Amino acid sequence: MIIIFNDNLIFKNKEIPRIILGSAPFTSESYFGHRSRLYHLDLEINSDNVAKIIKKANENGVNAINLVNNDNLIESYEKVIENKEITVIGTIGKSKIDYVNPNYEKAKNVNWKEDINLLSKYNCPIMLIDEFITDSYDFELIEKILKEIKSKGSFAGLITAYPFRTTEKLLKSPILDLFDFYMVPINKLGYMMDTKVFMDKERDNLANLLKKIDKKIIVNKILACGIQQVEEAFNFLKKLDYVDMVTIGVASEKEAEIDFKLLKDI
């Protein structure tokens, strides 16, 4: 068992919080199903409610947030940082894409340069390329974005929706040495992962792949988009000895207080 949540990550002389407040509920991602509509009404178009959650998460020890180029989310963040210091972990190239039938060509046409320029003003230590660009396997485009991120002084990273398939492709890709951080979905149920089952054999296979790729690993979807019980999810997370950071989305002040206190204490 590992305890990774009580100190910051030190990477190339930069200190980076290990726990990141996720933004998926704030942008009402479609994979939440019927809750997406509620999140749209309560959060995506209500910056005051989102700001309250960011503040509550920060009060419970969360000192980083994942930001995308979204007006309401940016407004929410700026309402909080008047009196707080919260590190931004940026996602570059975020677009509204169907998770079931992703249109990778549409994803690649997003204005990623605008995203980099916008998020650069927050002095992001890390910028990550959105999964629908990463999983297009257009390595020429991905290389351009990674180099642009580095030119702004941030560490570059990738997000994937397919931890098995994409990791295998990246190990053989021409961009392997161009990024330092890698965000992957992992949860005990194997939900929204590219595997039919996620038992000991599959867990060992994934662990070996992620150790082989030799990047700083950020886990997302550890709560299986709200399906997984929080305590069970966190107990599973703390057994993953290859994990360096985690991003967790919450949809209310109460969730922020309960979940992040539990993560610290478990």
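What follows is an exchange about how some features of this predicted model come by their labels.

Reader: Why is the contact of Phe11 and Phe181 called an aromatic pair that is edge-to-face?

Author: A pair of aromatic rings is described by the distance of the centres and the angle of the planes. For Phe11 and Phe181 the centres are 5.0 Å apart and the planes stand at 75°; rings pair if their centres lie within 6.5 Å, and planes over 60 degrees apart count as edge-to-face, so both conditions are met. This is one of 13 aromatic pairs in the structure.

Reader: What makes the pair of Phe11 and Phe181 a tie between parts of the chain that are apart in sequence?

Author: Phe11 belongs to strand E1 (residues 9-11) and Phe181 to strand E8 (residues 181-185), so the pair joins parts that lie 170 residues apart in sequence. Both of these residues are buried.

Reader: How do you know whether Phe32 and Tyr39 are stacked, tilted or edge-to-face?

Author: Their ring centres are 5.1 Å apart, and the angle between the planes is 80°; because planes over 60 degrees apart count as edge-to-face, that is the name this pair receives. Phe32 and Tyr39 also belong to one aromatic cluster, together with Tyr31, Tyr99, Tyr104 and Phe132.

Reader: Are Phe32 and Tyr39 buried or exposed, and how do you know?

Author: The relative accessible area is 9% for Phe32 and 12% for Tyr39; since buried means under 20%, both residues are called buried.

Reader: Why is Lys215 said to sit over the ring of Phe179?

Author: The charged end of Lys215 is placed over that ring, 4.5 Å from its centre, and this distance falls within the 6 Å that the rule allows. Lys169 is likewise described as lying over the face of Tyr137, at 5.1 Å from the ring centre.

Reader: Why is Ile227 called partly exposed?

Author: Ile227 has a relative accessible area of 49%; because buried means under 20% and exposed means over 50%, this residue falls in between and is called partly exposed. Ile227 is found in the loop between strand E9 (216-220) and helix H10 (230-237), and with Leu189 and Tyr191 it forms a nonpolar surface patch of about 270 Å² of accessible area together.

Reader: How many disulfides are there, and what makes Cys124 and Cys225 count as buried?

Author: A disulfide is a covalent bond between the sulfur atoms of two cysteines. The count here is zero, by the rule that the sulfur atoms must lie within 2.5 Å. Cys124 has 2% relative accessibility and Cys225 has 8%; both values are under 20%, so both cysteines are buried.

Notes:
Residues are numbered from 1 along each chain as its sequence is written. This is a predicted model: local features need pLDDT of at least 70, side-chain atom pairs count only at pLDDT 80 or more; totals for chains, interfaces and linings use all residues. Side-chain values use heavy atoms; hydrogens and water are left out. Patches are made of residues with over 30% relative accessible area and no salt bridge: like charges are joined within 9 Å, nonpolar side chains (Val, Leu, Ile, Met, Phe, Trp, Tyr) within 5 Å. Accessible areas come from the Shrake-Rupley method with a 1.4 Å probe; for residues, only the protein chains shown count as cover. A salt bridge is a side-chain nitrogen of Lys or Arg within 4 Å of a carboxyl oxygen of Asp or Glu. Helices (H or I, at least four residues) and strands (E, at least two) are DSSP runs, numbered from the N terminus. Buried means under 20% relative accessible area, exposed over 50%, partly exposed in between (1.4 Å probe, protein chains only). Rings of Phe, Tyr and Trp (its six-membered ring) pair if their centres lie within 6.5 Å; planes under 30 degrees apart count as stacked, over 60 as edge-to-face and the rest as tilted. A charge sits over a ring if NZ of Lys or CZ of Arg is within 6 Å of the ring centre and within 35 degrees of the ring normal.
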